[in-house]
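Hi everyone, and thanks for coming. Let me walk you through a structure that is probably new to most of you. Have a look at it first.

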Amino acid sequence: MTGAFAIARRMGSANVKDYGVGDGPAAHLLRLIRDAGEDHPTVSELYAKASEDPSVGVRSRRHMKGMLSWMRRQQRVQTRNPPPEKPGKDKNWVFQLTEKGQAHIGKIEAAMGR
């Protein structure tokens, strides 16, 4: 496996030095939250978008919620109460990026050359 990384590094792959961090499911979720803009997504909306595209890498709803919880502990996303037009049960939260999350996704995009 080490040989594959060495070959890819010599070929100038922008993502090898970051071990695929820009292509992982957490990075894709950050991009989905960022791209939603002011229409902050709920867990259901995020999972619907993530399950549409298999390249996102989310294996299940539980996997996605675990990653969102981890990103919340890392202060990359924060939860808020949903607006009245997004009905749901008592635990219906919406997600938005924090400044730390914005900076992190900016670093990922810069490392990937996007």
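Before we start, one term: when I say that residues pack against something or are in contact, I mean heavy atoms within 4.5 Å. Please also keep in mind that this is a predicted model.

Let's begin with helix α5, residues 99-112. At 1.5 Å a residue, its 14 residues should span 20 Å, and the end C-alpha atoms are indeed 20 Å apart, so the two agree. Which residues of α5 are buried? They are Gly101, Ile105, Ile108, Glu109 and Met112. Looking down the axis of α5, these buried residues fall within an arc of 95°, so they line one face of the helix. Turn to the face pointing away from that buried side, and you meet the exposed residues Glu99, Lys107 and Ala110. And what do the buried residues of α5 pack against? Their partners are α2, residues 25-36, and β2, residues 94-97. Just past the end of α5, Gly113 has a positive phi of about 80°.

That brings us to α2. This helix has twelve residues and reaches 17 Å from its first C-alpha to its last, close to the 16 Å expected at 1.5 Å a residue. Its buried residues are Ala27, His28, Leu29, Leu30, Arg31, Leu32, Ile33 and Ala36. Those buried residues pack against α3 (43-52), α4, β1 (77-80), β2 and α5. Just after α2 comes Gly37, with a positive phi of about 70°.

Now let's take one of those partners, α4, which covers residues 61-73. How do α2 and α4 cross? Their axes come within 10 Å and cross at roughly 75°. That makes α2 roughly perpendicular to α4. On the α2 side, the contact uses Pro25, Ala26, Leu29, Leu30 and Ile33, and on the α4 side His63, Met64, Met67, Leu68 and Met71. The residues of this contact divide into nine nonpolar, one polar and no charged.

Finally, a single residue to look for: Leu97, in strand β2. Is Leu97 buried or exposed? With a relative accessible area of 13%, it falls under the 20% cut-off, so Leu97 counts as buried. Leaving aside neighbours within four places in sequence, Leu97 is in contact with Leu30, Ile33, Arg34, Arg76, Val77 and Gln102. Val77 is 20 residues from Leu97 in sequence, but their C-alpha atoms are 4.4 Å apart in space.

Thanks for listening!

Definitions and conventions:
Residues are numbered from 1 along each chain as its sequence is written. This is a predicted model: local features need pLDDT of at least 70, side-chain atom pairs count only at pLDDT 80 or more; totals for chains, interfaces and linings use all residues. Side-chain values use heavy atoms; hydrogens and water are left out. Helices (H or I, at least four residues) and strands (E, at least two) are DSSP runs, numbered from the N terminus. The expected span of a helix is 1.5 Å times one less than its number of residues. Buried means under 20% relative accessible area, exposed over 50%, partly exposed in between (1.4 Å probe, protein chains only). The arc is that of the directions from the helix axis to the C-beta atoms. Axes are lines fitted to C-alpha atoms, for helices over the stretch in contact, and angles run from 0 to 180 degrees between N-to-C directions. Angles under 35 degrees count as roughly parallel, over 145 as roughly antiparallel, 65 to 115 as roughly perpendicular and the rest as oblique. Ala, Val, Leu, Ile, Met, Phe, Trp, Tyr, Cys and Pro count as nonpolar, Asp, Glu, Lys and Arg as charged, and the others, Gly among them, as polar.
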